[in-house]
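The following exercises are meant to be worked with the sequence and the three-dimensional structure at hand. Each task is followed by a solution in steps.

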Amino acid sequence: MTRHNLLALAALMALTACAAPAPQLGPDGQPLPVAYQITAREQAAIPDRLLAQVNTLRAGSALGPLVLSPQLAAAATAHSRDMAAQNRSWHFGSDGSSPLDRAGRQGYYGRLIGENISETYENEIATLSAWMQVRDTRDVIMDPNARELGIGWYQEPTSKIWWTLLIGG
């Protein structure tokens, strides 16, 4: 082998070592999803990133923008933790509370428009996309009377994420 061929082989081997591993495939031949990990940095970015996406969607329908509500976010976070503790995605707290009850406990006294919930391994933008595919959850996000939103989540050690979105007007 010539020196030139050896250099080319070494370069090819180096490139192969740098290549991303092939995704694992499920029984259907499709790539298995990779669980999204919420880091400390991500925690700080999620509310603003979600708000920007929601406002982009609303602007496309000539609807006014929303602002973040710390009270709604606190209520959403508490409900996400409670859903994880109950191991079920539903709108009632383990104490029988409703979304309106939970928002009031956090000092939110505006008009509560609705609550969207999800259990998934995906990030907030993929979750928002799923909510936009279903009429009931899309209607909450696109309500013309909406003025505020709060997003909350809880990520289990297994990486499952429990999401709660509260919209108020």
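**Exercise 1.** Determine which residues R147 is in contact with, leaving aside its neighbours within four places in sequence.

*Solution.* The model is a predicted one.
- Step 1. Locate the residue: R147 belongs to the loop that runs between helix 6 (135-141) and strand 3 (148-155).
- Step 2. List the contacts: with neighbours within four places in sequence set aside, R147 is in contact with P65, L66, V67, G168 and G169.
- Step 3. Examine the side chain: one of its polar atoms lies 3.1 Å from the backbone oxygen of P144.
- Step 4. Compare sequence with space: R147 and I113 are 34 residues apart in sequence, while their C-alpha atoms are 9.6 Å apart.
- Step 5. Classify the exposure: R147 counts as partly exposed because its relative accessibility is 43%, and the partly exposed class lies between 20% and 50%.

**Exercise 2.** Describe how helix 2 and helix 5 are placed relative to each other, and state which residues make the contact.

*Solution.*
- Step 1. Recall what is needed: two packed helices are described by the angle between their axes and the distance between the axes.
- Step 2. Apply this here: the axes of helix 2 (residues 40-59) and helix 5 (residues 124-132) cross at roughly 30° and come within 10 Å.
- Step 3. Assign the hand: the crossing of helix 2 with helix 5 is right-handed.
- Step 4. Name the residues: helix 2 contributes I46, R49, L50, Q53, V54 and L57 to the contact, and helix 5 contributes E124, I125, L128 and M132.
- Step 5. Sort them by class: the contact of helix 2 with helix 5 has 7 nonpolar, 2 charged and 1 polar residues.

**Exercise 3.** Find the side chain with which E42 makes a polar contact.

*Solution.*
- Step 1. E42 is situated in helix 2.
- Step 2. Not counting residues up to four places away in sequence, E42 touches Y36, Q37 and R49.
- Step 3. The side chains of E42 and R49 are joined by a polar contact of 2.5 Å. R49 is also one of the helix 2 residues in the contact with helix 5.

**Exercise 4.** Decide for N116 and for L72 whether each is buried or exposed, and collect their contacts.

*Solution.*
- Step 1. N116 lies in strand 2 (residues 112-120), whereas L72 lies in helix 3 (residues 70-86).
- Step 2. N116 has a relative accessible area of 1% and is therefore buried. L72, with a value of 0%, is buried too. The limit for this class is under 20%.
- Step 3. Beyond neighbours within four places in sequence, N116 is in contact with W131, T137, V140, I141, W163, T164 and L165. Its side chain reaches the backbone oxygen of T137 at 3.1 Å.
- Step 4. With the neighbours within four places in sequence left aside, L72 is in contact with A103, Y108, L112, E148, L149, G150, L166, I167 and G168.
- Step 5. The C-alpha atoms of L72 and R102 are separated by 8.7 Å, although these residues are 30 apart along the chain.

**Exercise 5.** State what is noteworthy about phi in A62 and in S159, and whether each residue is buried or exposed.

*Solution.*
- Step 1. A62 is not a glycine, yet its phi is positive, at about 60°. S159, also a residue other than glycine, has a positive phi near 85°.
- Step 2. A62 is placed in the loop between helix 2 and strand 1 (67-68), and S159 in the loop between strand 3 and strand 4 (161-168).
- Step 3. A62 counts as exposed, with a relative accessibility of 73%. S159 is buried, as its relative accessible area is 9%.

**Exercise 6.** Give an account of the protein as a whole: its elements, its burial and its contacts.

*Solution.*
- Step 1. The protein has 6 helices and 4 strands. Starting at the N terminus, their order is α-α-β-α-α-β-α-α-β-β.
- Step 2. Of its 169 residues, 37% count as buried.
- Step 3. The protein exposes about 10000 Å², of which carbon and sulfur atoms supply 58%.
- Step 4. Among contacts between residues at least 6 apart in sequence, 66% join residues at least 24 apart.

How values were computed: Residues numbered from 1 in each chain as written. Predicted model: local features only at pLDDT ≥ 70, side-chain atom pairs only at ≥ 80, totals over all residues. Heavy atoms only, no water. Axes fitted to C-alpha atoms, helices over the stretch in contact; angles between N-to-C directions. Left-handed = near helix turned anticlockwise from the far one by under 90°. Contact = heavy atoms within 4.5 Å. Nonpolar A, V, L, I, M, F, W, Y, C, P; charged D, E, K, R; others polar. Buried < 20%, exposed > 50% of the residue type's maximum accessible area, 1.4 Å probe, protein only. Polar contact = N/O pair within 3.5 Å; in protein donor to acceptor, adjacent residues only side chain to side chain. Areas by Shrake-Rupley, 256 points an atom, 1.4 Å probe, with all protein chains shown as cover.
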